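Subject: Structure for you to look at

Hello,

Here is the structure I said I would pass on. My notes on it follow below the display.

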Amino acid sequence: MKKFLMVVGILFLLGAAGVFALTKIDFNRMNADNYYLQITEDGTQHEHKLDDGSVMTSYSYKLDATNADGETKRLEFTAQKNLRQDAYLKVYVKDKDQVSSYDEVKFEEIPKKAQEKLK
């Protein structure tokens, strides 16, 4: 009986840890390279009609981004809203050019070499 209760307790703890990991960890940002960019133009608006008849709007961007080493590359990504002009973003890049997520950051939070390229 003790072994059974221990096994059930361990399985419960593993399940709780798994649920916590799925809700708190952003897998889009894990093992991604960080690049920094400034929004300098409005995104190109795209409207997609869904199966239920509603329309979803997204905005696409093609901008130069710089990593912490000062290396620059052109990235293409989409957002669900038109991003704020002059905002600085930290973008998470996987597979060399796939933007998986982004955060708005302050200029002071950007590494020095990247700051120099963004001025």
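Of the 119 residues in the protein chain, 28% are buried. Please keep in mind that this is a predicted model. The accessible surface amounts to about 8,800 Å², and carbon and sulfur atoms contribute 53% of that surface.

On overall dimensions, the radius of gyration of the protein chain is 20 Å, whereas a compact globule of 119 residues would have one near 14 Å. Along the principal axes, the box filled by the C-alpha atoms is roughly 65 × 45 × 25 Å. As for contacts with a separation of 6 or more, 45% of them are between residues 24 or more positions apart.

The secondary structure consists of two helices and six strands. Their order along the sequence is α-β-β-β-β-β-β-α, with the strands between the helices.

Starting with the N-terminal helix: α1 covers residues 2-24, and Leu11 is found in it. Leu11 is also part of a nonpolar surface patch, together with Met6, Val7, Ile10 and Leu14. The area of this patch is about 520 Å². Leu11 itself has a relative accessibility of 56% and therefore counts as exposed, since the cut-off for that class is over 50%.

Next, the aromatic residues. How many aromatic pairs does the ring-centre rule give? The count is three. One of them is Phe77 with Tyr102, where the ring centres are 6.1 Å apart and the planes meet at 50°, so the pair is classed as tilted. Phe77 belongs to strand β4 (residues 72-79) and Tyr102 to strand β6 (residues 98-105), so this pair ties together parts that are 25 residues apart in sequence. The two partners do not fall in one burial class: Phe77 counts as buried because its relative accessibility is 4%, while Tyr102 is partly exposed because its relative accessible area is 25%.

Another aromatic pair is Tyr88 with Phe107, which is tilted as well, with 5.1 Å from centre to centre and 50° between the planes. Tyr88 sits in strand β5 (residues 88-94) and Phe107 in the loop between β6 and α2 (112-118), so the pair links distant parts of the chain, 19 residues apart. Both Tyr88 and Phe107 are buried. Beyond the pairs, Phe77 and Tyr102 also join Tyr61 in one aromatic cluster.

Finally, two backbone points to look at in the loops. Asp86, which is not a glycine, has a positive phi of about 70°. Asp86 is located in the loop between β4 and β5, and with a relative accessible area of 49% the residue is partly exposed. Asp95 is a further non-glycine residue with a positive phi, in this case near 55°. Its place is the loop between β5 and β6. Is Asp95 buried or exposed? With a relative accessible area of 66%, Asp95 is exposed.

Regards

Note on methods. Residues are numbered from 1 along each chain as its sequence is written. This is a predicted model: local features need pLDDT of at least 70, side-chain atom pairs count only at pLDDT 80 or more; totals for chains, interfaces and linings use all residues. Side-chain values use heavy atoms; hydrogens and water are left out. Patches are made of residues with over 30% relative accessible area and no salt bridge: like charges are joined within 9 Å, nonpolar side chains (Val, Leu, Ile, Met, Phe, Trp, Tyr) within 5 Å. Accessible areas come from the Shrake-Rupley method with a 1.4 Å probe; for residues, only the protein chains shown count as cover. A salt bridge is a side-chain nitrogen of Lys or Arg within 4 Å of a carboxyl oxygen of Asp or Glu. Helices (H or I, at least four residues) and strands (E, at least two) are DSSP runs, numbered from the N terminus. Buried means under 20% relative accessible area, exposed over 50%, partly exposed in between (1.4 Å probe, protein chains only). Rings of Phe, Tyr and Trp (its six-membered ring) pair if their centres lie within 6.5 Å; planes under 30 degrees apart count as stacked, over 60 as edge-to-face and the rest as tilted. The radius of gyration is taken over C-alpha atoms; the globule rule is 2.2 Å times the number of residues to the power 0.38. Contact means heavy atoms within 4.5 Å.
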